[in-house]
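Hi,

Here is the structure I promised to pass on. Have a look at it first, then read my notes underneath.

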Amino acid sequence: MTAVNEAGARVAVVVPAAGRGERLGGGVPKALRPLGGRPMLVHAVQALSAAELVSQIVVAAPPTLVEVVSRLLGPDVRVLPGGAERVDSVRGALRALDDDIRVVLVHDAARPLTPPSLVDAVARAVLGGHPAVIPVLPLADTVKEVDADGRVLRTPPRGGLRAVQTPQGFRREVLEAAYASQDGDLPAVTDDAGLVERLGVPVATIPGADEAFKVTRAADLLFAEALLARRPLAESGRSS
Ligand code: C5P
């Protein structure tokens, strides 16, 4: 982390980590599931801290675990109680940003192996003038649109589809306007850029990273463990 980055504008990252993560099982919130012996959230925050352009990190934690998470992450990370839904957690974290933050990234705790270089690439694209930036990858699978009974309605051409990762980056005022416009009636959007798109703000894409995949199911955790085991000791945060 740096106090002020090369572009002279301060960048913050908001990490919504207050979900229960039931699809993964294990009886602990997903963000606290261990990976290589340390909670996923610790890996994610370590990657954010290693990014050159990031100067503030705010984490929304499960309300009963704020003190525990705060101790895990150390004094440089602000930890707040999350809300009932992800949007509430992000909205609360936005209120806790330092006044001089100009760029805000939102990052899933469930992407513990995200490379710091991807974090910097997103921040740099926003600092370079894009109001909203998301990292994306081409799809390996064909995607079908189905009705409520699972019958196929249509097959969008795969070449025009992208899988979306985090961190997603925004000019602060753009993200705040998107969240302010959603008070009360919350639409079924599954990412922050989705809220921004509703304002008519253009969203740019940059290439994502394979390692920034989201840990959702038990098999993802096995894959993440295998990747982590192949990392050099210093990079993985293990102390040998
Ligand atoms: O459940 P899902 O994978 O969509 O959650 C996405 C992210 O939002 C997770 O990192 C989760 O911890 C976070 N979240 C939150 N507050 C909630 C619900 C989810 O911060 N109330």
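Below is what turned up, going from the core to a helix and then a pocket.

Bear in mind that this is a predicted model, where local features need pLDDT of at least 70, side-chain atom pairs count only at pLDDT 80 or more, and totals for chains, interfaces and linings use all residues. Numbering runs from 1 along each chain as its sequence is written, and side-chain values use heavy atoms, with hydrogens and water left out.

The largest nonpolar core (buried Ala, Val, Leu, Ile, Met, Phe, Trp, Tyr and Cys joined through side-chain atoms within 4.5 Å; buried is under 20% relative accessible area with a 1.4 Å probe, protein chains only, and exposed is over 50%) has 35 residues, and Val15, Leu41, Val59 and Leu73 touch the most other members. Helix 4 gives the most to this core, six residues (helices are DSSP runs of H or I, at least four residues, and strands are E, at least two, numbered from the N terminus).

Next, helix 7: residues 218-230. Asp220, Leu221, Ala224, Leu227 and Leu228 are buried there. They sit on the same side of helix 7 because they cover an arc of only 125 degrees around the axis, taken from the directions from the helix axis to the C-beta atoms. Turned away from that side are exposed residues, including Ala218 and Arg230.

Finally, the lining of the second largest pocket (an open set of 1 Å grid points where a 1.4 Å probe fits, with protein on both sides within 12 Å along at least five of seven lines; lining residues have an atom within 4 Å of a point) includes Arg111, Asp141 and Phe213.

Cheers

Definitions and conventions:
The expected span of a helix is 1.5 Å times one less than its number of residues.
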